[in-house]
Amino acid sequence: LDRLLASCALISRTEAQSALRAGRVTVDGSVCRDGAGKYDTEKNVILLNGQRVEGDGFVYLMLNKPVGVLSATEDKKGETTALDLLPEPYQKAGPGVVGRLDKDAHGLLFLTSNGQLNHRLTSPRRHADKVYRVALDAPAGAEDEEAFARGMDLGDFTTLPAGLERLEDGRICLVTLREGKFHQIKRMFAHRGKTVVDLQRLSIGPLTLDPALAPGDFRPLTGEEIRALLTAADMM
């Protein structure tokens, strides 16, 4: 219980244990001082200081990554990382980045401390679809759509079939990948003689970037979003 309180309420284990000793935690209507007891926020009503504790003990966050920020939790050169954009309590929870996003790209970044979910969503065998809005220096055509759909031999690897939907005059496209190799979208378009001038990730599996989030802002996922991701990963 003390670990669950710490994770869900974003407090330290020491603070959770102090709250338990002080009688500020109730489980199903009764004061509970046993931090070693095992409880579930779905099956038990757990209150801390009168407020219901919710979640499964893991952190699930959506971040609108700005250009210039690394999709990492640390960097030896001292560059700004996704973790640097989060308040300290979330940093201490130890969330990992689910799927990298290039430094000069922006958009949806999903972070979680649920290692099993992270692994399943990034596993090549599961192929969680990722959708990107791409701006090009020259219009894409029907031949490009066909090339993406076939898959491309880029020399060191052959891509899986990908979706390409042309918008406006073809200089803006929606690209759907089932994998995420290094600089893959840029390399695929370069193979077709075009240069990517802007790259924004819009979604990962069932999770879609919240349009209300400004670049650099984040929010915890809703219960519905978490359940959708767990379902997509066959964890529910």
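Let me begin at one residue, E168, which is exposed, with a relative accessible area of 70%. E168 sits in the loop between β9, residues 163–167, and β10, and if you look from there to M188, you will find the two 20 residues apart in sequence and 20 Å apart in space, taken from C-alpha to C-alpha. Before I go on, I should say plainly that what we have in front of us is a predicted model, and I will try to keep that in view throughout.

On confidence, then, the mean pLDDT of the chain is 92, and 100% of its residues reach 70 or more. If we go element by element, the lowest mean pLDDT, 86, belongs to helix α1, residues 2–9, while the highest, 98, belongs to strand β12, residues 207–208.

As for the overall picture, the chain has 236 residues, of which 43% count as buried, and its secondary structure comes to 7 helices and 13 strands. Along the principal axes, the C-alpha trace spans about 65 × 35 × 35 Å.

I would like to spend most of my time on the charged side chains. As a general point, side chains of opposite charge can pair when their charged atoms come close. In this model there are 13 salt bridges, and I have picked out a few of them.

Where in the chain are D144 and K194, which pair with each other? Their side chains meet in a salt bridge at 3.1 Å, N to O, and the pair links distant parts of the chain, with D144 in helix α5, residues 142–150, and K194 in the loop between α6, residues 184–191, and β11, residues 196–204, so that the partners are 50 residues apart. Are these two residues buried or exposed? D144 has a relative accessible area of 3% and is therefore buried, and K194, at 12%, is buried as well, because the cut-off for that class is under 20%.

Please set beside that pair the salt bridge between K92 and E88, whose side chains meet at 3.2 Å, N to O. Here the two residues lie in one helix, α3, residues 88–92, and because they are 4 residues apart in it, they are separated by about one helical turn. K92 has a relative accessibility of 67% and so counts as exposed.

A third example is R171 with D169, where the side chains meet in a salt bridge at 3.4 Å, N to O. R171 counts as partly exposed, at 34% relative accessibility, and D169 is also partly exposed, with a relative accessible area of 46%.

Beyond single pairs, which residues are linked in a network of salt bridges? They are R100, D102, D104 and K186. Of these, R100 is placed in the loop between β6, residues 96–98, and β7, residues 106–112, and it is partly exposed, with a relative accessible area of 41%. It may help, when you turn the model, to know that R100 and L177 are 77 residues apart in sequence and 13 Å apart in space, C-alpha to C-alpha.

There is also a place where charges of one sign gather, since D40, E42, E54 and D56 form a negative surface patch. One of them, D40, is found in the loop between β2, residues 30–31, and β3, residues 46–48, and at 31% relative accessibility D40 counts as partly exposed.

Let me finish with the backbone, and with two residues that you may wish to look at for yourselves. What is the phi of L10, which is not a glycine? It is positive, at about 55°, and L10 lies in the loop between α1 and α2, the latter being residues 13–21. With a relative accessibility of 24%, L10 counts as partly exposed.

H183 likewise has a positive phi of about 55°, although it is not a glycine. You will find H183 in the loop between β10, residues 172–177, and α6, where, at 27% relative accessibility, H183 counts as partly exposed.

How values were computed: Residues numbered from 1 in each chain as written. Predicted model: local features only at pLDDT ≥ 70, side-chain atom pairs only at ≥ 80, totals over all residues. Heavy atoms only, no water. pLDDT = per-residue confidence, 0-100. Salt bridge = Lys/Arg side-chain N within 4 Å of Asp/Glu carboxyl O. Buried < 20%, exposed > 50% of the residue type's maximum accessible area, 1.4 Å probe, protein only. Patch = residues over 30% accessible without salt bridge, like charges linked within 9 Å, V, L, I, M, F, W, Y side chains within 5 Å. Areas by Shrake-Rupley, 256 points an atom, 1.4 Å probe, with all protein chains shown as cover. Lys, Arg positive; Asp, Glu negative; His and termini not counted. Charge placed at Lys NZ, Arg CZ, Asp CG, Glu CD.
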